Amino acid sequence: MTIIQTLAAEHVVFHNVFDHIEQATPKLRTVAEVRALAGLLEALLKVHSRIEDHLLMEPLEPNLIQLGQHENFHAEHEQIDADLAAITKVRRVTDARKLLLGAVLASRKHFDKEERIVFPLARRLLAAKTLTALGKRWREERQAIATEG
Ligand SMILES: [Fe+2]
Ligand SMILES: [Fe+2]
């Protein structure tokens, strides 16, 4: 599998997770419940983004800068992280819910943009051999993170 096929498959799972969180969040009654769901999303996003940034965004960095998108992608990550971190500070469940749903919406937009801009760019600019080699590196990095605990 190429790195694009692999990351796109992960994106499909994330879109399912986003759907679930959007359905479940309005029914949550306590801040602790919202925090638990936010913590799960944060953990999933962290590993995905770390590997995606390292294996795909870094080789494409000059092209993303040229497109004026490089800063945007970074800023969006930071915004999502900040919203999720803020959930640990608020006391009212309505505020926690709003932050979580905001982080999900921002994540959806960010993922859509990666699918529209970054994946096609990688397909166009990187050799098929490179895309397959990066797919293999994805597996290795996932395994390394899993054994990190
Ligand atoms: Fe990203
Ligand atoms: Fe992604």
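**Close-up 1. Coordination of the iron ion (ligand 1) by His77, His110 and Glu114.** In this predicted model, the iron ion (ligand 1) is held at 2.0 to 2.2 Å by NE2 of His77, NE2 of His110 and OE of Glu114, and along the chain these donors follow the spacing H-x32-H-x3-E. Glu114 also serves as a bridge between the iron ion (ligand 1) and the iron ion (ligand 2), the two ions lying 4.6 Å apart. His77 belongs to helix 4 and Glu114 to helix 5, and the pair, 37 residues apart, links distant parts of the chain. Both His77 and Glu114 are buried.

**Close-up 2. The largest pocket and the residues that line it.** The space in this pocket amounts to about 200 Å³. Its lining is made up of Glu42, Leu45, Lys46, Ser49, Arg50, His77, Ile80, Asp81, Leu84, Ser107, His110 and Phe111, so that His77 and His110 appear here as well as among the donors of the iron ion (ligand 1). At least two lining residues come from each of helix 2, helix 4 and helix 5, and helix 2 gives the most, with five. Sorted by class, the lining comprises four nonpolar, four polar and four charged residues.

**Close-up 3. The largest nonpolar core, with 22 residues.** Within this core, the residues that touch the most other members are Val34, Leu41, Leu45, Leu84, Ile87 and Leu100. Two or more core residues are given by each of helix 1 (3–24), helix 2 (31–57), helix 4 (70–86) and helix 5 (93–125), and the largest share, seven residues, is that of helix 5. Another core, of 21 residues, lies apart from this one and has Val47, Ile117, Ala122 and Ile145 among its members. As a rule, nonpolar side chains in soluble globular proteins tend to be buried together.

**Close-up 4. Surroundings of Leu84, a residue of the largest nonpolar core.** When neighbours within four places in sequence are left aside, Leu84 is in contact with Ala38, Leu41, Glu42, Leu45, Leu100 and Ala103. Leu84 also lines the largest pocket, as do Glu42 and Leu45.

**Close-up 5. His15 and its contacts.** His15 is placed in helix 1, and its relative accessible area of 18% is why His15 counts as buried, the cut-off being under 20%. Not counting residues up to four places away in sequence, His15 touches Arg108, Phe111, Asp112 and Glu115; of these, Phe111 is also found in the lining of the largest pocket.

How values were computed
Residues are numbered from 1 along each chain as its sequence is written. Chains are lettered from A and ligands numbered from 1 in the order in which they are written. This is a predicted model: local features need pLDDT of at least 70, side-chain atom pairs count only at pLDDT 80 or more; totals for chains, interfaces and linings use all residues. Side-chain values use heavy atoms; hydrogens and water are left out. A nonpolar core is a set of buried Ala, Val, Leu, Ile, Met, Phe, Trp, Tyr and Cys residues joined through side-chain atoms within 4.5 Å. Buried means under 20% relative accessible area, exposed over 50%, partly exposed in between (1.4 Å probe, protein chains only). Helices (H or I, at least four residues) and strands (E, at least two) are DSSP runs, numbered from the N terminus. Contact means heavy atoms within 4.5 Å. On a 1 Å grid over the protein atoms alone, a cavity is a set of points where a 1.4 Å probe fits but cannot get out, and a pocket is an open set with protein on both sides within 12 Å along at least five of seven lines; lining residues have an atom within 4 Å of a point. Grid points are joined across faces, edges and corners, and a volume is the space filled by probe spheres set on the points. Ala, Val, Leu, Ile, Met, Phe, Trp, Tyr, Cys and Pro count as nonpolar, Asp, Glu, Lys and Arg as charged, and the others, Gly among them, as polar. Donors are N, O and S atoms within 2.8 Å of the metal (3.2 Å for Na, K and Ca); water is not among the atoms, so sites may look incomplete.
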